[in-house]
Amino acid sequence: MKNGYQQLIKILFIPLAIAWSFQAVAQERTVSGRVTSSDDGEGLPGVNILIKGTATGSVTDFDGNYKVTVSGDEAVLVFSFIGYATQEITVGSQSTIDVLLAADITALDEVVVIGYGTQTKKEVTSAVTSVKEEDFNQGNVFDPAQLLQGKAPGLSIIKTNGGDPNSGYTIRIRGLATIGSNVQPLIIIDGALSTSLDQVDPSDILSMDVLKDGAAAAIYGTRGSNGVIIVTTKRGSGSRAATFDYNGYIAFENVAKTVPVLDAAGYKEHNPSGDKGSTTDWFDLITETGLSQTHNLALAGTSGSTSYRVSFNYRDIGGIQVGTGSKRINSRINIKQTAINDKLTIRATLALTDRKSNFGFNDIFRYATVYNPTEPVRVTADDNTSGLDPAGFTRWDGYYQNVQFDYYNPVAINEQNINEG
């Protein structure tokens, strides 16, 4: 009798469980749309979309498009972006939700830096976005451009070669102004022209202001036609007692995914006559775990009528390609002196950057893709399995080289050449 009850419970429970799980899955659906700015109607990249009451959400892409999975009609989407008023929208039965974010007028009293001084936002007729230190991107940041990613509408910051520690970021303000010319924005650091944002360490930056339209050209001439990024660095504290700050981090990087190629066994199966007797993983030999470390020291304070800040920054960024990396030392001294009952102010800045880079050779990844996985890395005269004259091996300093057109040993390229700056 007991077994009969158990069978009855199973017969009733299983269909109910299947129906319940089907209903739970059916309730989940994808909502998509585009977020634009009320200022110019352009798509806003980097807008945060969060499902209210959860930690689940999404971020808009460069054109302002987004997709997010919701669990039911009662879900509420919260759209937030710096400088714009936050919006909350109930999903309901909608599958497409386009949002127009309005500028937050409460931020109009903020002081922003322009070419000829400072003004409040409501007095500035040009398109200016000001990003303060507390709004910067946090985490593994080794380039000042990373602080601004997703923080200003119309500002595109991308890195085309993400695994190279020496490749910089491409910055575009409102697209391309002139095809074929230098389209990077003008960089101003503490009022002085600079060639790139690399001239200042991210930990020394207090704020960054982005001038995005023709008014920038009116202030800086044709040099500002592609926009202007104004960097203000940290100054001495108002405290009479000196303050000492330290921060640092260690980060690791690995190859997320490689190009699928035949291993030695697969190669021999498809081409037995090409077997050279070795088992070589060329990608493994030219890649490694990239170790990066950063240390920042700063001393700031006020003595009499003099305020000061002295900083020292050390960055050692390792690449995922064997032997590549970048070591950089940045030091900066900011001094402010007042005199004549505070009627005269003198500011002085001294900055030094010392950088050493090992660029490596990007072509070795191409050769690692096509090189025979049964060929050895190094050989001696006794290892003449290729049918070549043993004396030929000494010509390559012990590295195996099957002489063909545009076909080179990737390990030999990396180890026998120097590409430093």
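## Questions about this predicted model

Me: Average pLDDT (the predictor's confidence in each residue, from 0 to 100) is 80 for the chain, with 80% of residues scoring at least 70. Where is confidence lowest, and where is it highest?

Reply: Helix 1 (residues 2-27) is the low point at a mean of 48, while helix 4 (residues 282-286) tops out at 95. Within residues 15-26, pLDDT is below 50, and this stretch has one contact beyond near neighbours in sequence (heavy atoms within 4.5 Å). As this is a predicted model, local features need pLDDT of at least 70 and side-chain atom pairs 80 or more, though totals for chains, interfaces and linings use all residues. Numbering runs from 1 along each chain as its sequence is written, and side-chain values use heavy atoms, without hydrogens and water.

Me: What makes strands 15 and 16 a pair?

Reply: Strands are DSSP E runs of at least two residues, helices H or I runs of at least four, numbered from the N terminus. Strand 15 (residues 205-211) and strand 16 (residues 228-233) share six antiparallel bridges; pairing takes at least two, so they qualify. M208 sits opposite V231 in strand 16.

Me: Why are strands 10 and 14 called edge strands?

Reply: The open sheet has five strands, ordered 10-15-16-13-14 with mixed pairing. Strand 10 (128-132) and strand 14 (192-194) each pair on one side only. Average twist from one strand to the next is 25°, between N-to-C axes fitted to C-alpha atoms, on a scale from 0 to 180 degrees.

Me: How many cavities of 30 Å³ or more turn up, and what makes something a cavity rather than a pocket?

Reply: One, from a search of the whole structure. On a 1 Å grid over the protein atoms alone, a 1.4 Å probe fits in a cavity but can't get out, whereas a pocket is open, with protein on both sides within 12 Å along at least five of seven lines. The largest cavity has about 40 Å³, a volume being the space filled by probe spheres on the joined points.

Me: Which elements give two or more residues to the lining of that cavity?

Reply: Lining residues have an atom within 4 Å of a point; for the largest cavity they include Q199, D204, N330 and R332. Strand 20 (325-339) and strand 21 (344-358) each give two or more.

Me: And what about the second largest pocket?

Reply: That pocket has about 390 Å³ and 24 lining residues, with Q138, P202, S203, N247 and N296 nearest its centre. Strands 17 (243-253), 18 (290-303) and 19 (306-318) give two or more each.
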